[in-house]
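User: I would like to learn how to read burial and helices in a protein model. Could you take me through some examples?

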Amino acid sequence: MARNYQIIDALQTQVEGRLSAQPGAYDGRKNLFTSFDLEFESGAREYVVPMGTPSSTGERSRGPEEFKVRLTHVASINPELLKRFVRGEQNHDDMVLTAIMALNVVIRMGPSQRYPFRGRSFFTDRETRDIGGGIVLWRGYFQSVRPAIDRMLVNIDISTGPMYKPGTLINLALEFLRMAGEPNALAPRRGFPERERMRLQQFVSGLKVTTPHNEHNPGRQRLVKKLSRESARDLSFEVADGQSITVAQYFQERLNRPLRFPDVICVELSTGALIPLELCDVPPGQIIRKQMTPDAIKSILGFSSMHPRERHRSIRDGLSVLEYGQSEYIRQFGMTIDDDELLDIDARVIKAPRLKYNPESKQPNVVLKTGNSTWNLIDKLMYKPATIDNWVVLIYERQGRCRREVANEMVANLVKGCEAVGISINHQPAVMRWESGQANIGRQLRAACEECQRFSKSLPTLIVVVLPDGGNDIYTAVKHFGDVSDGIATQCMKSSKCLRAKAQYFANITLKINMKLGGINVVPEPQDVSFLTDPANPMMVMGRSRQMTYDYAYPYSGCQHAAKYVSRMSVQKTLREVIEDLEGMCVGEMGKLPKRILFYRDGVSEGEFKTIITEELKAIRSACAKLDFDPTITLVVVGKKHKVVFFPRQANADQGGNSTAGLIDRSGNCPAGMVVDTKITSPVEFDYYLLSHNGILGTSKPAHYNVLFDENKFTADGLQSLSFALCHVYARCTRSVSVPAPVYYAHNVCTRAKNHYEPQQSRTMFGSEIATETTDTGGTTSANEYERGFRQTHERMAKTMYFC
């Protein structure tokens, strides 16, 4: 895309004189917006754009590259459309979307010419952090033009860009492999593992490097294609006279540049040239567009997490980088942006629902203060506690680190935690054994279950597995066994957390165990969710999420408290956002037929709203018709992938003398239950922002709700309160979460999709914590392979909350 910008810039500054004085705004792909009509006679014109300067260096002499660019007049945008739209007089149609897109291209045109960018964010080196592994984080800024009631707004927030660490390519490679200062560790003759070479190749492929030894054009940037298997000393090629020569010999004899590390591998560039790593430099400001490791993600989140006051200050500082007042593009298009202050808006804080535990609890009821949505399990029994008849424990940690007395203490603490919340459990597991993670995990689990059956005459109700650090592959195999192949509930615990753990840890574990075994942890007070608990009009609540190739169309709840869910997952054959087999999934899982359906969809872009209504709503209707019932349906899109954040006003006294300190929670964020449905919302649609959770670290982000279809005729207050209540029934914690529970559960099921493949196949498709399997040709897994390898949940688990 950077090359596209360079070509269009050359077109405007060197070729088309009219655009030199009044430059257009380019989106990096196929759209160029101008503030005036170029008035092509035939509606289009083709240009030849020279790039670079001629060189005359003997046999290397060549002229500049030439590119053909064709400009075609496609449409004219009438600004009056936006004026009518923000007044609520114009539908949100394609022309409005195009006009908003044009404004977005205009405001980001200036920064995109000066800074590295990705999407609507650009990054500067004003604030950086080296996180190791050859990665440096740059602070960036996101900007987007959004319509609101009676105005257009610019949404600004901070963002983070992971960059390749500049310097020599050999140092970058060593840092990535955690071998800094040991160049010969990259030498095949000295045992450089092929698996590590492949992992490094995946990291650097697509990287741009310069070759300073090239006297003709030392600053020219070229793409890394792949890494050689052989070292510069062993890798040979034919030169112009037909002679075979090694890379090391070539640089020593032909270029008089002997290598310091001839035993190290080489890099193959996009031109086909083979260059030793030590002779390549990595220019700064190159965004890493690869999947990050868990450690890198943790560092990125740490860098991105900022206290609300700090985030507010950083956004204000970013305005000086954006320089709206100095942008020639903004002036050229007649735009003005008031960047003196952030927008001041009013909000409401709605009450949290009352929560109910088992009536036999010492504290069966939870009444939360307004603005606070956290509680604990002290003196509370699960609303419906499960029973564990027989259970087994498998320990994959070394016995030296997890001695028998330590394991016995862990078992006793888990039993104590279960009994404290009302779960009935045998005090001793039927089987407890230590196993090796290098063997066949499924066979080990099956052998433990068979031993339990011989001992107690029945299969175990629960398998508890203690994992070592870095036991991701073991975890995948355990979940495949329990969820897919054999249908037995499993609970994994990391040894670093469960050994010598405090009671709070085991209390959290019991939250998961109880739901997996058919129990219910907590329910909202029926009077506070009367829309759910009306026996004359039963309601089904559904959620949906999608990740990678997967489409997950539910969980859904027929439980009158919307606290218990079952799930359904299928493979999505295309990259479309719309669920392909929603009708079939609904028919297969409806169960007891409701009179009302509330369907929460995870984030969908605004441009796809119409498609979701026409295709998915039709699929649900068709499924209901096949089952011979006609419920009323409400379809709500819930999104967290926006960049709208709210900062509380500082505590002071209002005009009546009342303190406003309650508007700020302990983390410095706005309080849980805060709703914003004015000023910044859509001028023509029913949408709102709901901050449903208390902050822990950083700045809390609200969920954005768009009500696309509503036959249940919710009031704004009614739907907001119900959505907030559903954020309190997420079973894995004793606090409200950021989105309604069914959406959260849908996300959980998607993340477990790799467990539905045979463990070895899963490692090949998705990679492991050790390395990602790739080929030199960049082989990928096709959608058909995903579909063929996918296995549905075992029938014994299908109606349980195994995903909790």
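Analyst: Let us begin with one residue: cysteine 750 has a relative accessible area of 4% and is therefore buried, a word that stands for under 20% relative accessible area, while exposed stands for over 50% and partly exposed for what lies in between (1.4 Å probe, protein chains only). This is a predicted model, in which local features need pLDDT of at least 70 and side-chain atom pairs count only at pLDDT 80 or more, whereas totals for chains, interfaces and linings use all residues. Residues are numbered from 1 along each chain as its sequence is written, and side-chain values use heavy atoms, with hydrogens and water left out.

User: How many disulfides are there?

Analyst: A disulfide is a pair of cysteine sulfur atoms within 2.5 Å, and the count by this rule is zero. Cysteine 402, for instance, has its closest cysteine sulfur in cysteine 498, 6.9 Å away, which is too far for a bond.

User: Which residues of helix H12 are buried?

Analyst: Helices are DSSP runs (H or I, at least four residues), numbered from the N terminus, and H12 covers residues 441-456. Its buried residues include Ile441, Leu445, Ala448 and Cys452. The buried residues lie on the same side of H12, because they cover an arc of only 165 degrees around the axis, taken from the directions from the helix axis to the C-beta atoms. The face turned away from that buried side carries the exposed residues Arg443 and Arg454.

User: What takes a positive phi just after H12?

Analyst: That is lysine 457, with a phi of about 70 degrees.

How values were computed. Helices (H or I, at least four residues) and strands (E, at least two) are DSSP runs, numbered from the N terminus. The expected span of a helix is 1.5 Å times one less than its number of residues.
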